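Trainee: Could you take me through one part of this model in detail, namely the central sheet and what packs around it? I would like a connected account rather than a list.

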Amino acid sequence: MTSNTDINLLASLRKQIEALSPVLPDKAVVTVGQYTLETLIDSPKLSEADMYTLLRVIHKKDLQHKTIQIDPKYCLMADTLYEPHYWFDMEEYYDKVDVDSELEHLIYGYHNQVLTLSNISEGACSGLLPEIHRFLAQKEKSTIGVALFPSMNHSSDALYNAFSAVGRILIDNSTPLVLVDQGLMEDYNGVHRVGDVLQDTAIIDYFIDMLLEKENIIRELDRLSRSYGVNIYSPLLATGCSLDIYGSFRNILEITLEQPLMDLELTSAKMVYVLVRAPLSYQEDFQKGQLEFEVTQWLQESIGVDIPQICEPLFVDEYGDRVDAIILVGGYDTKKKFNEVYQRIERFSKMNVDQNLVDKEEWNKIKEKMLNGF
């Protein structure tokens, strides 16, 4: 007969074996390009190695003036003879490399949810990003693409790259995109929960970290996007807002309109997805049902729309009264915005087609997709 001592010993061994067994992270965050190369380095969420994998996709020349150390195991480094200036310059890389095979060595089968972060004004990034999401869609991953879109005061080259990248992704229907205006993001002035000033690329880190605090946010947004027929989101943001100063959650909702991170037609939106982060002591005041009531009243009274909204509270175990809010506006009409961009790049894009740098049929598909609106 087995003694109690034997049973206890076996139980102890089982616990030790379980503790030694590796836990494979089922989520990955992939930064693409030079601008986002140094983002998320100190991310609290991405430091949880058993939850997320941080991966980098870059062009070899992106490292020329950088001191950051890149682990080859977590990086795909593309290379071409000349540094890509336009999205179509990456054709040289595709001609000599099996991109899918390269990505399979970076993004593994157990990565079921993948978020990409990029600046699509860059030539290499705008060329690579649609290929990455095409690959992920074929592998049936849940995905979100967060992309910085150049402002109208950026160069025509930057606008052309971004316009083309978004168009190719929409044609493939490979992922919902969260578009953030780079200029508006860099002009944003906010406050961190700890009271520090929040500016420039620190806003990207703050935004991504808050998104990732919501468990399975990638899968949830991917599913909701397909249910509501939403291809594009853009964020409204309020950070580090003291309830003592603002007085109410309604007032915090109002200030999100003061510094939008994209020029958008909120009245044309199909839905909004709202994340609210508050101290644990406010748990009773920020229940899901209460948030949804407040957001519904705000949408109807301040903006004049009645659209579906999903609200999710996040609670942090900390002192203070600071509240963060992210409002992802989904499915708004992009026709005006993208037509304005096309007016800037029309002559330039025609020249590239005339010189056979871009296939005419492919470019016409991109134009049609981008200019019809959603």
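Mentor: Let us begin with one pair of strands, bearing in mind throughout that this is a predicted model. Strand β1, residues 27-32, and strand β4, residues 113-119, run parallel and are joined by six bridges. Within this pairing, Val 29 of the one strand has Leu 115 in β4 standing opposite.

From that pair we can widen the view to the whole sheet, in which ten strands follow one another in the order β3-β2-β1-β4-β5-β6-β9-β12-β10-β11, forming an open sheet with mixed pairing. Its edges are β3 and β11, each of which pairs on one side only, and neighbouring strands are turned against each other by 20° on average when direction is ignored.

At the β11 edge, strand β10 (residues 271-279) runs parallel to β11 and is joined to it by eight bridges, with Tyr 273 standing opposite Ile 310 in β11. Between these two strands the chain passes through helix α11, residues 288-303, and the β-α-β crossover made in this way is right-handed. Although β11 is an edge strand, six of its eight residues (309-316) are buried, and the strand is therefore largely enclosed by the rest of the structure.

Towards the other edge, the loop between β2 (52-59) and β3 (75-78) holds Asp 62, and Tyr 74 is found in that loop as well. Asp 62 is buried, because its relative accessible area is 6% and the cut-off for burial is under 20%. Leaving out neighbours within four places in sequence, the contacts of Asp 62 are with Gly 33, Gln 34 and Leu 37. Tyr 74, by contrast, counts as partly exposed at 37% relative accessibility. With neighbours within four places in sequence again set aside, Tyr 74 is in contact with Thr 53, Leu 54, Leu 55, Arg 56 and Leu 106. To place Tyr 74 against a residue far along the chain, Asp 359 is 285 residues away in sequence and 34 Å away in space, C-alpha to C-alpha.

Turning to the helices that pack here, α7 (residues 202-213) lies across β1, β2, β4, β5 (142-149), β6 (177-181), β9 (232-242), β10, β11 and β12 (322-330), and runs at about 85° to β12. Helix α12 also packs on the sheet, where it touches β5, β6 and β9, its direction making about 50° with that of β5.

Helix α12, residues 335-354, has a helical partner too, since its axis and that of helix α5 (residues 156-172) come within 9 Å and cross at roughly 100°, which makes α5 roughly perpendicular to α12. On the α5 side the contact is made by Ser 156, Asp 157, Leu 159, Tyr 160, Phe 163 and Val 166, and on the α12 side by Phe 338, Val 341, Tyr 342, Arg 344, Ile 345, Phe 348, Ser 349 and Asn 352. Sorted by class, this contact of α5 with α12 has nine nonpolar, three polar and two charged residues.

A last detail concerns helix α3, residues 99-104, in which Asp 100 lies. Asp 100 is partly exposed, with a relative accessible area of 22%, and, not counting residues up to four places away in sequence, Asp 100 touches Arg 134, Phe 135 and Gln 138. The C-alpha atoms of Asp 100 and Phe 135 are separated by 6.4 Å, although the two residues are 35 residues apart along the chain.

How values were computed:
Residues numbered from 1 in each chain as written. Predicted model: local features only at pLDDT ≥ 70, side-chain atom pairs only at ≥ 80, totals over all residues. Heavy atoms only, no water. Buried < 20%, exposed > 50% of the residue type's maximum accessible area, 1.4 Å probe, protein only. Helix = DSSP H or I, 4+ residues; strand = E, 2+ residues; numbered from the N terminus. Pairing = 2+ DSSP bridges. Right-handed = clockwise from strand over helix to strand, strands pointing away. Contact = heavy atoms within 4.5 Å. Axes fitted to C-alpha atoms, helices over the stretch in contact; angles between N-to-C directions. Parallel < 35°, antiparallel > 145°, perpendicular 65-115°, else oblique. Nonpolar A, V, L, I, M, F, W, Y, C, P; charged D, E, K, R; others polar.
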